[in-house]
Amino acid sequence: MARPLPTSLTFFFPAYNEEGNVRPMVERALAVLPRFAADFEVVIVDDGSRDGTEAEARALVEADPRVRYVRHETNRGYGEAIRSGLKAATKAAVCYTDGDQQFDLDDLDRLWPLLAEADLVAGYRIRRADPPHRRFIAFTYNRLLRLLFGLRTRDVDCAFKLLRAEVAGEIDPASGGAFFSAEFLLRAKHRGHLIREVGVRHFPRRLGKPKGATPAVILRTFREMFALRRQLREGGRTGAGRDR
């Protein structure tokens, strides 16, 4: 049964050394979000940047009261930045993308209507604008998640997601790194939340350098992945689990 669409919206994005990307991200959000909710906010989550990201963000906050800024004094990792954004959100729906301008917020047109029938809407990149080695890593990762957990999401790490605020309040992944997105979806599925998927566009990075897919990030992801698999197995045997 269809539910009323939320009347307020938080949009946030993580930023780690994204000087030059922060301003256009915020300006685009301020232009697009009124199409979906008159009551909205834009939250910049700075994950310990050491370039001009902080100065750029603080100037935007000073210029518009709808813009907020959350800063980690040290770099904690992608998952912790997403966690901080979800915790900072104050509106009835929450949307996030990455802070590198590889997604166009106009594609929120594709996700928003589905929130009438779903708790969480996950985008998948119709054509991934990344180098071949990153596409290979992503393909392997998605296949491994399907094998280990039965997670059949088409593009688990696509950083374009929209969810109801109550889902954000219920799910608390253990991961603080790149595995956060997959663990969030797994736990949401485990709790019975309805997840829908829709294709979105993906564009080449124009400024800055990619932060993911380093050996350290990949190793951390594998550690957290297998830790969750052990936990879910033990939870199945004991009836216990991390979900609140």
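1. Let's start with the enclosed space. This predicted model holds 1 cavity of 30 Å³ or more. The largest cavity contains about 30 Å³ of space. Have a look at its walls in the viewer: Leu-86, Tyr-96, Leu-120, Lys-161, Leu-163 and Phe-184 line it. Sorted by class, that lining has 5 nonpolar residues, no polar ones and 1 charged residue.

2. Two of those names lead to a pair of helices. Leu-86 and Phe-184, both in the lining of the largest cavity, turn up again where helix 3 meets helix 7. On the helix 3 side, the residues in contact are Tyr-78, Gly-79, Ile-82, Arg-83 and Leu-86, and their partners in helix 7 are Phe-180, Ser-181 and Phe-184. By class, this contact is made of 5 nonpolar, 2 polar and 1 charged residues.

3. How do these two helices lie against each other? Two packed helices are described by the angle between their axes and the distance between the axes. For helix 3 (residues 78-88) and helix 7 (residues 180-190), the angle is about 55° and the axes are 9 Å apart. Angles from 65 to 115 degrees count as roughly perpendicular and those under 35 as roughly parallel, so helix 3 and helix 7 are oblique to each other.

4. Now for the sheet. Here 7 strands form an open sheet, and reading across it gives the order 3-2-1-4-6-5-7. The pairing is mixed. At the edges sit strand 3 (67-72) and strand 7 (195-200), each of which pairs on one side only. From one strand to the next, the twist averages 20°.

5. One pairing in the sheet is worth tracing by eye. Strand 1 (residues 8-15) and strand 4 (residues 93-97) run in the parallel sense and are paired over 4 bridges. To find your place, look for Leu-9, which stands opposite Ala-93 in strand 4.

6. Finally, turn to the second largest pocket, with a volume of about 310 Å³. It is lined by 13 residues, and the closest to its centre are Ala-138, Phe-139, Asn-142, Arg-154 and Asp-155. Strand 5 (120-125) and helix 5 (132-149) are the elements that give two or more residues to this lining.

7. Which element gives the most to the lining of the second largest pocket? Helix 5 does, with 6 residues. By class, the pocket lining has 4 nonpolar, 2 polar and 7 charged residues. You can set that beside the lining of the largest cavity, with its 5 nonpolar, no polar and 1 charged residues.

Technical notes
Residues numbered from 1 in each chain as written. Predicted model: local features only at pLDDT ≥ 70, side-chain atom pairs only at ≥ 80, totals over all residues. Heavy atoms only, no water. Axes fitted to C-alpha atoms, helices over the stretch in contact; angles between N-to-C directions. Parallel < 35°, antiparallel > 145°, perpendicular 65-115°, else oblique. Contact = heavy atoms within 4.5 Å. Nonpolar A, V, L, I, M, F, W, Y, C, P; charged D, E, K, R; others polar. 1 Å grid on protein atoms, 1.4 Å probe; cavity = no way out; pocket = protein on both sides within 12 Å on 5 of 7 lines; lining within 4 Å. Points joined across faces, edges and corners; volume = space filled by probe spheres on them. Pairing = 2+ DSSP bridges.
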